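Biologist: I'm new to reading protein models, and I'd like a close look at one part of this one. Could you take me through the inside of it, step by step?

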Amino acid sequence: MARVFVAGSFNVDHVWRVPTLPTPGATLSGSYATGPGGKGFNQAVAARRAGADARFVCALGDDVGAQLARSLCDADRIDLQAATADAPTGTAGIYVDAQGRNCIVIGPGANAALDAGFVADALQGAAAGDVVLAQLESPLEAVARALDTGRSAGATVLLNPAPANVAIDETMLVRADILTPNETEFAALLLRHIGERIDADAVGNLDQQRLHALCRELLPHGSVVVTLGASGCFVSHADAALRGDAAACYRVPAEPAQVVDTTGAGDAFNGALAASLAQRPERAFIDHVRFAGRYAARSTEQAGAALAMPHLLVD
């Protein structure tokens with residue numbers, strides 16, 4: 001069976017549920033919980049629980065957070081490849097309001113020590129048919145090496161360019177077969193790479209051909225999936241690489257959900273998309289996107305990030 005290789009971050013999340021998101025100078029009362037997170041770990045858990053064999057490559061401290069990561073990977077049968085760093089395991093502070101919206105502050109800790117050479121070694125064994133997935137909560141040298149190693153192996157390379165405040169150059173984009181920004185990340189990429197200033201809230205309302213043209217300018221050789229929250233997502237392919245689809249661009253509506261917490265929804269989408277690509281390569285790309293959308297919708301119906309990822313296959 002093809003595998004999903006995820007290189008990225010592990011955090012211990014500290015979550016406060018509050019009526020409204022904090023504003024400067026505010027003191028709020030809310031409820032508190034802690035649990036595992038980090039974009040890399042969330043996506044690895046989603047890929048595994050969506051049915052794929054998954055390897056997770058990260059850096060951890062020598063502490064309780066690292067013990068948590070190891071025990072959770074064991075429980076989900078994720079192949080953990082973790083470098084040990086002098087810094088503490090990464091942390092994140094997350095505030096979630098009554099509508100399920102969130103804001104997040106990250107302390108990278110050990111995640112900032114993930115080494116490119118370690119990543120390359122940990123991704124040995126990747127092959128054609130596999131999927132390599134990375135995000136931007138790790139050092140960019142490590143992210144680039146993950147993408148390069150995947151491409152050299154003939155794997156499908158998927159880059160989730162999150163968080164939006166991380167600046168990447170064109171050489172990082174060139175490495176990706178599939179790019180999966182949300183509207184905020186997409187707006188940031190447009191401004192940085194093609195000089196187009198578009199408000200993130202306006203991305204979903206753009207004319208389909210205009211949105212397709214922007215995607216083609218951003219990633220001429222590959223596919224772009226812009227996730228749009230409650231508006232679903234937009235898919236744009238290069239004309240020469242439609243990935244089994246009938247059209248070069250189209251919209252996919254969002255799956256209905258009883259939303260409790262949107263934390264990790266984007267990670268759920270990315271992990272499930274990678275899992276579907278690895279497990280069902282004969283399917284059209286639209287089928288993979290629909291599967292990922294359904295999976296992400298179900299993940300929002302429980303509180304939390306990694307632990308909210310639904311089990312769709314237990315073998």
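Modeller: Happy to help; here is a walk through the buried parts, followed by the sheet. Please keep in mind that this is a predicted model, where local features need pLDDT of at least 70, side-chain atom pairs count only at pLDDT 80 or more, and totals for chains, interfaces and linings use all residues. Residues are numbered from 1 along each chain as its sequence is written, and side-chain values use heavy atoms, with hydrogens and water left out.

Let's begin with the cores. A nonpolar core is a set of buried Ala, Val, Leu, Ile, Met, Phe, Trp, Tyr and Cys residues joined through side-chain atoms within 4.5 Å. Buried means under 20% relative accessible area, with exposed over 50% and partly exposed in between, using a 1.4 Å probe and protein chains only. The largest core here has 49 residues, and Phe56 and Phe285 touch the most other members. Its largest share, 8 residues, comes from helix 8 (residues 265-279). Helices (H or I, at least four residues) and strands (E, at least two) are DSSP runs, numbered from the N terminus. Leaving out residues up to four places away in sequence, Phe285 touches, among others, Ile178, Val225, Tyr250, Leu273 and Leu277; contact means heavy atoms within 4.5 Å. There is also a second, separate core of 31 residues, including Ala144 and Leu211.

Next comes helix 1 (residues 39-49). Of its 11 residues, 11 are buried, so helix 1 is largely enclosed by the rest of the structure. Among those buried residues are Phe41 and Val45, but also Lys39 and Arg48. Just after helix 1, Gly51 takes a positive phi of about 115 degrees.

Now for two cysteines. Cys58 is buried, at 0% relative accessible area, and Cys73 counts as buried at 1%. Their sulfurs are 6.9 Å apart, too far for a bond, since a disulfide is a pair of cysteine sulfur atoms within 2.5 Å. A search of the whole structure finds 0 disulfides.

Finally, look at the sheet. It is an open one of 4 strands in the order 3-2-6-7, with mixed pairing; two strands pair if DSSP finds at least two bridges between them. Strand 3 (31-37) and strand 7 (102-107) stand at the edges with a single partner strand each, so one side of each is left without a neighbour in the sheet. Strand 6 (residues 90-96) pairs with strand 7 in the antiparallel sense over 6 bridges, and Ala92 stands opposite Ile106 in strand 7.
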